[in-house]
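This report goes through a protein chain, from particular residues to the chain as a whole. Please keep the sequence and the coordinates at hand while reading.

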Amino acid sequence: MHICFLPLGQTRLDGLGADRPELAARLHCGTSREQVGFQFVNPIVTIERMSYGPHALAHLDGKVVFVRGAVPGETVRLKIEETHATYAYARVEEIVTPSPLRRLPPCPYLPRCGGCPWQHLRYDAQLEAKQRNFRDHLQRIAKIPDLSLPAPIPSPVEFGYRSRLSLRVEAKDVGFYAAASHELVPIERCLLGDARVNDALPAIQELTRRLCSNVRRIELAADASEPQVAAAMEIEGPFEQQDEQTALTWLDAHPMVRGIVLRGKRWTRSYGTPQVSFEPVCGLSLRVRAGVFSQVNPQMNTVLVTKVRELLSPHRAERIVDAYAGAGNFACTLAPDCKEVLAIEVDPAAGEDLQENVERLGYANVRVMRDTTERALQRLAERDETIHGLVLDPPRSGAREAIPWILRLKPQRIVYVSCNSATLARDLALLGGHYRLEQATVLDLFPQTYHFEVVALLVLTC
């Protein structure tokens, strides 16, 4: 939504983008009613809550209305832009009565940039909204109505927390997409990125403009122990041979970038040392190449890893499976505490990083299985292998395909780490006949956005 937020009582309209939040059409959002109908050009509504998405939420004529950039508790005048059978999208024409939960976003690229859709919401209110959205998913999808949830764990910092930043490229400009569009908003710095990532941005912009290859995405990753970054650049189309010398010359002139990877559909070129280190816990350094997944919030990743280890409580006689293992974030922190860790990873680059980390650290009790989680668990189940504990950290789509084999293996404890509480709730429902959800905690790894992590403990009941 393109609103210029002025002092209380003053609001003007700059325009609106209407993103589609995931699962919006299926979101049930209460029973309150507005007396104003869609037949009015500019109805006035009261914003009720934040949705699981970039929008705030209101009701109008029995329909849910999704409104980007609004805040719970405020009254706004709307212009309806799109309407469906049970929901609609609208833009704000005017903030009639502001909410005390509203704040002035510090980012100079808002409201155009679509990267931080909750930055106008006070941080305590962001945490409350994330907890409420998680509870809603538990009740509505998993049919768990009364689980006592601990308070969300906040990020130590609201800004500057991202050690990894993913950027788009259009016409050689680097930035983020505007809300609900592929229109690029060029940036010079990002308030969510840490200082090293931001300091490297001008140089990366220069390289992008000098390359003849068609760069479409860039990921910058900062090193945990060195004042350097590595860059992965996604290329559309073929590699232009003249870029070989360009990349080498540029890298020599920019020591703050330790290495770059240019990656196309069936080709890869690497220059320098395109790896960075990260530390899941103090004293444990893992290495990952640019472009391979690692958690973006290092301080909160330590909280996450510590929570997983606490809930799983492995001991020296136990075998643990770390599914969707990545470069070893959980496997390498659990290895000293148990008999064996079976680490499953299907991505070739992440699997190589995982294997290299295991060998460099000398973890003879970690076995890497390079396959999909469902196929690896199937092989374990068909061999009737005993698994005492399971860590699940799937992508946003969840772990549904693996659940039949989990039910056959019957690990005593499952610690499920989820970045999408809707698919987590779906999977909890599928496991519910055999596992009891003991506890679940919201960890805010992503301030200023609607995203969050959940760490859940499930215990075998039958």
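Does Ala 171 count as exposed or buried, judged by relative accessibility? In this predicted model, Ala 171 counts as exposed, because its relative accessibility is 74%. The residue sits in the loop that joins strand 9 (164-170) to strand 10 (173-177), and its phi is positive, at about 50°, although Ala 171 is not a glycine. A positive phi is also found at Lys 410, likewise a residue other than glycine, and the two are set out below.

| Residue | Phi | Loop | Relative accessibility |
|---|---|---|---|
| Ala 171 | about 50° | strand 9 to strand 10 | 74%, exposed |
| Lys 410 | near 55° | helix 8 to strand 22 | 40%, partly exposed |

The loop between strand 8 (87-97) and helix 1 holds Gln 119, and Pro 111 has its place there too. The peptide bond that leads from Leu 110 to Pro 111 is cis, with omega near 10°. Gln 119 has a relative accessible area of 1% and is therefore buried; its side chain reaches the backbone nitrogen of Cys 107 at 3.0 Å. Neighbours within four places in sequence aside, the contacts of Gln 119 include Arg 103, Leu 110, Phe 159, Leu 191 and Gln 448.

Helix 9 (residues 421-431) is largely enclosed by the rest of the structure, because nine of its 11 residues are buried. Among these buried residues are Arg 426 and Asp 427, together with Leu 424, Leu 428 and Leu 431. The elements against which the buried residues of helix 9 pack are helix 1 (123-140), helix 8 (403-409), strand 22 (413-418), strand 23 (435-443) and strand 24 (453-460). At the N-terminal end of helix 9, Asn 420 acts as a cap, with a side-chain oxygen that lies 3.0 Å from the backbone nitrogen of Ala 422.

Taken as a whole, the protein chain contains nine helices and 24 strands. Its radius of gyration is 23 Å, close to the 23 Å that the globule rule gives for 462 residues, so the chain is as compact as a globular protein of that length. The C-alpha trace spans about 70 × 60 × 35 Å along its principal axes, and 56% of the 462 residues are buried. Of the contacts between residues at least 6 apart in sequence, 63% join residues at least 24 apart. The accessible surface comes to about 19200 Å², with 51% belonging to carbon and sulfur atoms, while the mean positions of the 54 positive and 55 negative charges are 3 Å apart.

Note on methods. Residues are numbered from 1 along each chain as its sequence is written. This is a predicted model: local features need pLDDT of at least 70, side-chain atom pairs count only at pLDDT 80 or more; totals for chains, interfaces and linings use all residues. Side-chain values use heavy atoms; hydrogens and water are left out. Buried means under 20% relative accessible area, exposed over 50%, partly exposed in between (1.4 Å probe, protein chains only). Helices (H or I, at least four residues) and strands (E, at least two) are DSSP runs, numbered from the N terminus. Contact means heavy atoms within 4.5 Å. A polar contact is a pair of N or O atoms within 3.5 Å; within protein, one must be able to donate a hydrogen and the other to accept it, and residues adjacent in sequence count only if both atoms are side-chain atoms. The radius of gyration is taken over C-alpha atoms; the globule rule is 2.2 Å times the number of residues to the power 0.38. Accessible areas come from the Shrake-Rupley method with a 1.4 Å probe; for residues, only the protein chains shown count as cover. Lys and Arg count as positive and Asp and Glu as negative; His and the chain ends are not counted. The place of a charge is taken as NZ of Lys, CZ of Arg, CG of Asp or CD of Glu.
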